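Reader: I am new to this structure. Please take me closely through one part of it, and keep the sentences short.

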Amino acid sequence: MKKVTILFIVSLMFITQNINSQAITNVKTLLEENEYGNARLIITPNTYDMAAKKPTKTSGVYGLLVCYRYKGVQKALHQDLTYDFAKKGKKELFLGMSAKKSNISIGKVLFYRRDLVNPKNFPKKSDCFK
């Protein structure tokens with residue numbers, strides 16, 4: 001009976017840890033217009049690593065590089081998503097003042113873990129349109 005109780009407690013701890021342990025491994029993006037007609041890029045978590053520990057920091061964990069064209073001009077944007085993912089569950093980016101969806105063309109979106117990648121290997125804005 002004592003062994004069964006210990007086994008139950010250990011398995012309960014393992015299950016509880018796996019339920020609470022998750023790290024975002026990928027995101028999905030959606031370009032849409034808000035109620036005022038301004039284009040915005042909505043980024044939401046899409047894939048999780050259930051064996052990883054949940055980050056406790058509110059900055060510096062999740063990074064995003066967006067390569068896009070606004071009115072034909074090449075642009076790039078780096079963004080830290082950690083705070084918004086932790087507090088709101090999503091991130092909303094405006095890519096240009098009074099930008100319409102028809103004026104924006106998303107080229108490449110690169111999601112990366114800033115805490116796992118050497119800062120020398122972070123994606124660079126200059127690599128966007130090569």
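Author: What follows is a close look at strand β3 and its surroundings.

This is a predicted model. The mean pLDDT of the chain is 82, and 82% of its residues reach 70 or more. Residues 4-21 stay under 50. For that stretch the model has nine contacts beyond four places in sequence.

Now the strand. β3 covers residues 62-70. β4 covers residues 73-80. The two pair in the antiparallel sense, over eight bridges. In this pairing, G63 stands opposite D80, and L64 stands opposite Q79. Two residues lie between the strands, which form a hairpin. K71 sits in that turn, with a positive phi of about 55°.

Next, the sheet. β3 belongs to an open sheet of three strands, in the order β4-β3-β6, with antiparallel pairing. β4 and β6 stand at the edges with a single partner strand each, so one side of each has no neighbour in the sheet. On average, neighbouring strands here are turned by 15° against each other, direction ignored.

Then the core. The largest nonpolar core has 21 residues. I43, Y62, L64, F85, I104 and F111 touch the most other members. β1, β2, β3 and β6 each supply at least two residues of this core. The largest share, five residues, comes from β3.

One core residue ties back to the strand. Leaving aside neighbours within four places in sequence, F111 is in contact with Y62, G63 and L64, among others. Its other partners include I24, V27, L81 and F85.

Technical notes. Residues are numbered from 1 along each chain as its sequence is written. This is a predicted model: local features need pLDDT of at least 70, side-chain atom pairs count only at pLDDT 80 or more; totals for chains, interfaces and linings use all residues. Side-chain values use heavy atoms; hydrogens and water are left out. Two strands pair if DSSP finds at least two bridges between them. Helices (H or I, at least four residues) and strands (E, at least two) are DSSP runs, numbered from the N terminus. A nonpolar core is a set of buried Ala, Val, Leu, Ile, Met, Phe, Trp, Tyr and Cys residues joined through side-chain atoms within 4.5 Å. Buried means under 20% relative accessible area, exposed over 50%, partly exposed in between (1.4 Å probe, protein chains only). Contact means heavy atoms within 4.5 Å. pLDDT is the predictor's confidence in each residue, from 0 to 100. Axes are lines fitted to C-alpha atoms, for helices over the stretch in contact, and angles run from 0 to 180 degrees between N-to-C directions.
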